[in-house]
Amino acid sequence: MEIKKDTVDGLKHTYQVSVAPEAIEMRVKSRILEAGKGAKIPGFRPGKAPLQILQQRYESNVRPEVIRTLIDESYRKILLEKKLRPAGQPQITVDSYDVNKPLECTYEFEVLPEIKEIDLKKKVKLEKLVSDVEQKMIDSALERIASTNKTTEPLKKERAAQKGDTVFIDFEGRTKDGPISGGSGKGVSLELGSGYFIPGFEEQIVGMKKGQNKKIKVPFPDDYSAEDLAGKDATFDCTLQDIHTSVVPKIDDAFCEKMGFKVLKELEDAIKTQLVAENERMSFLVAKKEVLDALDKEKIDLPSSLVENEVKQITEPEAEADVEGADGDKKPAKKSKKETDEAKKMHSIAERRVRLGLILADIGNKNKVEVTNKELQQSIIDQARRYPGEEQKVMDYFQKNQEAQQSLRAPIFEDKVISLILSKADMKEKKVSQEALEKAVKAVTEADA
């Protein structure tokens, strides 16, 4: 391989390369002989056919394969010799090639920018928001736990059904087209106010008494999952069989034993540990935003290919608007000012993401930050827990899919780099209320969205 010409324009590199015909023919001959080993060709013993015969049989397939290999090898040699880090895939053009003539190729690609060492203590100055876990937060969590473990019991004194009650109903539903498939039931339990049935249904049960019949008229939502029912009016003949009231268990040692704790203090300690971890995570998210904002001010060259790819990632696919010309040709519609401004905004967001991605990767690599197998496995387990009953299927998916694993590895790496930066930054703690911390997190979340 001979580099005949190289051009550097910022991050864009262009190389014109020539591979001598002798090198090509030697590689082709070698591959033909390799392919012919053991080949059974009439008139010859296995593996003993002359090169000329083997060429007739194999060269049409071998030569293109050799050319592709030489093109790839030349690219790798350029990167190795010039010590370059490509930002993406190269654009390769075969300028000329024929048998017994040089292979002439042009490689165009962008490289990753060199990033200077950042003095993180000077660059990143922030106040880390800290909020203490108060007893009232623990009490509130206990109440939520008790509420999710509530039971029901029949009314001691007859009255009309009200929100929060669990009722047992018989019902038959129909639209103007006839009975609703799966739209009937007997003795079905329903907690009023749960939103389990379609909007408007539960509200009409409120006020009914045990044994009462009622026709409940409600429309199915326009976006209802069953397309044949979406947007249609329905009538349900409903009979209220019984009313039960909710009973929230008393929060005591006996309740805690059912939850797997010996005494109330153990459960409270477990809740506090969880709340402390949640607050720490919220504090981290707010600090992370400040770190990213500080690093976003760094001036580095950005590979345009990475920016354009990121634009594609963050913009939703849109069908191109075409306008028929008088001659039948399709011409793209002119973009409105709003669309132009939106495109500029998306480009700015893409630049920020690429800039921060490059900087964080550089800091992480220079400080030898790595994602351990244990951390990756824990992330896979966390993902699996989100799909009850399908945990093994999710686990298998990630175990067999390297790209899916990378989607989990990347945010772990990013957070570990942010933690490293925070350990080196000029950071002070600031005590705030729980409300202030949650408000700050909400602001960060909205900004990210």
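Biologist: In this predicted model, how much surface does the protein expose, and what share of it do carbon and sulfur atoms supply?
Modeller: The protein exposes about 29500 Å². Of that exposed surface, the share supplied by carbon and sulfur atoms is 49%.

Biologist: What radius of gyration does the protein have, set against a compact globule of 449 residues?
Modeller: Along its principal axes, the C-alpha trace spans about 100 × 65 × 65 Å. A compact globule of 449 residues would have a radius of gyration near 22 Å, whereas the value for the protein is 34 Å.

Biologist: Where is the kink in helix α2 centred?
Modeller: Helix α2 runs over residues 51-82, and its end C-alpha atoms are only 38 Å apart, although a straight helix would reach 46 Å at 1.5 Å a residue. Within α2 there is a kink of about 70°, and the residue on which it is centred is Tyr58.

Biologist: Against which elements do the buried residues of α2 pack?
Modeller: The buried residues of α2 include Leu54, Tyr58, Val62, Val66, Leu70 and Ser74. An α-helix has 3.6 residues a turn, so residues three or four places apart point the same way. The elements against which the buried residues of α2 pack are β1, β2, α1, β3 and β4.

Biologist: Is Ser74 buried or exposed, and which backbone oxygen does its side chain reach?
Modeller: Ser74 has a relative accessible area of 4%, and because buried means under 20%, this residue counts as buried. Leaving aside neighbours within four places in sequence, Ser74 is in contact with Met1, Val17, Val19 and Tyr107. The side chain of Ser74 reaches, at 2.8 Å, the backbone oxygen of Leu70.

Conventions
Residues numbered from 1 in each chain as written. Predicted model: local features only at pLDDT ≥ 70, side-chain atom pairs only at ≥ 80, totals over all residues. Heavy atoms only, no water. Helix = DSSP H or I, 4+ residues; strand = E, 2+ residues; numbered from the N terminus. Expected span 1.5 Å × (residues − 1). Bend = angle between axes of the 7 residues up to and from the residue. Buried < 20%, exposed > 50% of the residue type's maximum accessible area, 1.4 Å probe, protein only. Contact = heavy atoms within 4.5 Å. Polar contact = N/O pair within 3.5 Å; in protein donor to acceptor, adjacent residues only side chain to side chain. Rg over C-alpha atoms; globule rule 2.2 N^0.38 Å. Areas by Shrake-Rupley, 256 points an atom, 1.4 Å probe, with all protein chains shown as cover.
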